Amino acid sequence: MSSEISSAATQDGAVDVSGLENWQTRADWLRAEINRHSHAYYVLDNPTIPDAEYDKLFRELVALEQAHPDLLTADSPTQRVGGKPLPQFEQVRHAVPMLSLNNGFDDEDIDNFDRRVREGLADIAEAEYSTELKFDGLAISLRYENGLLTQAATRGDGVTGENVTANIRTVKAIPLRLHGSAHPAVLDVRGEVLMFKADFAKLNARQRDAGQKEFANPRNAAAGSLRQLDPRITAQRTLRFFAYGIGVLEGASLPPTHSALLDWYAELGLPVCRERAVVKGASGLLGFFRDIGQRRKSLPYEIDGVVYKVNRLDQQQALGFVSRAPRFAIAHKFPAEEAMTVVQDIGVQVGRTGAITPVARLAPVSVGGVTVTNATLHNEDEVRRKDIQIGDTVIVRRAGDVIPEVVSYVPELRPADVRPFVMPALCPICSSPIVKPEDEAVARCSGGWVKCPAQRKGGLLHFVSRRAMDIEGLGDQLVDQLVEKQVITTAADLYKLGLTALSELDRMAAKSAQNVVNAIEKSKSTTLARFIYALGIRHVGEATAKELAAHFGSLDRLLQASEAELLEVADIGPVVAASIRSFLDDPLNQELIAQLRAAGIHWAENAVGENKPRPLLGKTFVLTGTLPTLTRDEAAAMIESAGGKVAGSVSKKTSYVVAGEEAGNKLAKAQDLGVPILDEDGLKRLLETQ
DNA sequence: AGGCCTCGAGTTCC
DNA sequence: CTCGAGGCCT
């Protein structure tokens, strides 16, 4: 690219070129350059020059056209930035209606679709399909006359849509003039306008900074942007477009297949998604579905499924339509990750620390393939912030991995008789008063484990959990019964449990009772860190328990430690030190610890392995994704035995990130911060060489 | 005092 | 995973 010419010429009239002809040449050249670069950037996703260079070319063209208005053309890239706001959108009737597709949700639906297609085509043995993505955006129709974009309309009800030409002109992914020289007299391109995830995140960050309302998802953001009456606002939002269908065509003949149509679109400079294929039979369709399903998260845009179309257009025509949907195409949808449902009640749960958590009881609804009936509302502040009340219709999402989350309520659907959530004054389990310190977010039951069975259960479950004493077979159900029937009250009672006592419980046959007894016996041999963690001291989690074990080396030294001595331990400050001391000073807890030791729980004291080399001392690791042969715990143990630390989140203090399959945000953040990334082999080599 | 970094705790469903 | 809060560094 000739940056020399452009930089010389941008110095506002500094170039001495006489005569309109030269200006004309210059303007044509600028338009071609700008179109070429923006095509590379927005359509091919492959930038050719830095943004600053692009802006320079653009500004020069604007200046040139302002100085010489007769040079201005309708398809000039400068004409994308729209003019005045519209009073409202004009209605447009689609010459060929924009139909919707039938949906399929499981393999059987797709098998049936394939069978009906073959039957409809005189029982052919195997049908050929073009497969593509179902974007989560807005369907749109673009009318090109002799290669020039003349009108853009939303889908609307399929027959009549809204004229959004001014806004669409600001979408850089959409060519104002088709490439090549031979253009049909009329071409009606059907496709989807959408917003990429990254652009959505940037937009929401801007909205937040400006104190404006954030958008719930990229689809809403795209819809909101396209329906702006002021095109200048649309111009500031980065919208994208993918072409996938056709309406009217005059002055050219249709290609023989759908895939050839898309290839032709690409030649015309229209963006066509790369994630498409031509496959045969139902098995080919399902193969494409699974492939895309696996890569869904890593795609730069959101999709809600895939679309299958019979590839040959003559076969499409032969199959025709049923009522308002084509027989030759189907959308294979992923289970919805967001759904609407009704809050039937807001109850509370009592955790092991007595924390009272409001929980929305929902009318059962399928979200992301599972039926959700409960969703946490975290705490009272959260309920108030989101203003969720009993009777509201709410949007439920499966955030991150699995945990359902109430996103918001739907104001339009709020009935007159909604009731607000009221934090109860007394614990629903033990009727002790509920207290909430002024400066804290969580309310707590004041009963403690002595009075409150819920806290007793929580404490026991924590004690037996995998990272604590690791007693297998002692789950929710069993602990529930043991506490309810008052077979046990403390963890120490577990070690007095006999086969006969266990066998008397529901759903406890001889075999499983024996398993539990064995597991309890096995747990007697443990480590000091696990034991400290299992006690469930407030503010003492796994990491702090390890620190305490390493620092004091023996339980007796810990029991005798003063608050001041506790403060010397890394990561322990006044709050945690006071919490530990007060736990240890409680006679009930002293009794508990004595009983547990008497029951035979033991560990190798002082086995800190002082002679072992600790090559990774001072290094912090973060694990993400699934490693090929090691489990997360095994990898963590290897790192820790070499003196390294394993942390949960990536920061600039992280020495290495160990990444496996399906690594998530942490990997991206590590790349961002320039933290070295290891795979499993890399980690092993590091452990060997040092 | 303020801001980052970690840790702790709670959570859903099958 | 996400929020809240404790600890520590600047």
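Trainee: How far is a phosphate oxygen of DNA strand B from an N or O atom in the side chain of Thr544?
Mentor: Keep in mind that this is a predicted model, in which local features need pLDDT of at least 70 and side-chain atom pairs count only at pLDDT 80 or more, while totals for chains, interfaces and linings use all residues. Residues are numbered from 1 along each chain as its sequence is written, chains are lettered from A and ligands numbered from 1 in the order in which they are written, and side-chain values use heavy atoms, leaving out hydrogens and water. The pair you ask about is a polar contact (N or O atoms within 3.5 Å), and the phosphate oxygen of DNA strand B is separated from the side-chain atom of Thr544 by 2.3 Å.

Trainee: Which residue has an N or O atom in its side chain 3.4 Å from a phosphate oxygen of DNA strand B?
Mentor: Two residues should be kept apart here, and Glu542 is one of them, since a polar atom of its backbone lies 3.4 Å from a phosphate oxygen of DNA strand B. The residue that reaches a phosphate oxygen of this strand at 3.4 Å with a side-chain atom is Lys645.

Trainee: What share of the atoms of DNA strand B within 4 Å of the protein do sugar and phosphate account for?
Mentor: Around DNA strand B there are 26 residues (each with a heavy atom within 4 Å of the strand), and those that come nearest are Thr353, Thr357, Ile403, Gly541 and Thr544. Among the strand's atoms within 4 Å of the protein, the share belonging to sugar and phosphate is 91%.

Trainee: Which element gives the most to the surface near DNA strand B?
Mentor: By class, this surface holds 8 nonpolar, 12 polar and 6 charged residues. At least two residues come from each of β15 (355–367), β16 (370–376) and α20 (542–552), where a helix is a DSSP run of at least four residues and a strand one of at least two. With 5 residues, the element that gives the most is β16.

Trainee: Which residue has a backbone N or O atom 2.7 Å from a phosphate oxygen of DNA strand C?
Mentor: DNA strand C is surrounded by 10 residues, the closest being Glu440, Ala441, Asp571, Gly573 and Val576, and 100% of its atoms within 4 Å of the protein belong to sugar or phosphate. A backbone N or O atom of Ala441 lies 2.8 Å from a phosphate oxygen of this strand, and a polar backbone atom of Val576 lies 3.1 Å from one. The residue whose backbone atom lies at 2.7 Å is Gly573.

Trainee: Why is α4 called oblique to α10, or what angle makes it so?
Mentor: Helix α4 (residues 107–120) and helix α10 (residues 281–295) have axes 9 Å apart and pack at about 140 degrees. Angles under 35 degrees count as roughly parallel, over 145 as roughly antiparallel, 65 to 115 as roughly perpendicular and the rest as oblique. The two helices are therefore oblique, at an angle of about 140 degrees.

Trainee: Is the crossing of α14 and α15 left-handed or right-handed?
Mentor: Helix α14 (residues 453–464) and helix α15 (residues 476–484) cross at roughly 135 degrees, and their axes come within 10 Å. That angle makes α14 oblique to α15. A crossing is left-handed if the near helix is turned anticlockwise from the far one by less than a right angle, and right-handed if clockwise. The crossing of α14 and α15 is right-handed.

Trainee: Which residues of α23 meet α24?
Mentor: Helix α23 (residues 574–585) and helix α24 (residues 587–598) pack at about 75 degrees with their axes 5 Å apart, and they are therefore roughly perpendicular to each other. On the α24 side, the contact (heavy atoms within 4.5 Å) involves Pro587, Asn589, Gln590 and Ile593, and on the α23 side it involves Phe583, Leu584 and Asp585.

Methods. Axes fitted to C-alpha atoms, helices over the stretch in contact; angles between N-to-C directions. Polar contact = N/O pair within 3.5 Å; in protein donor to acceptor, adjacent residues only side chain to side chain. Nonpolar A, V, L, I, M, F, W, Y, C, P; charged D, E, K, R; others polar.
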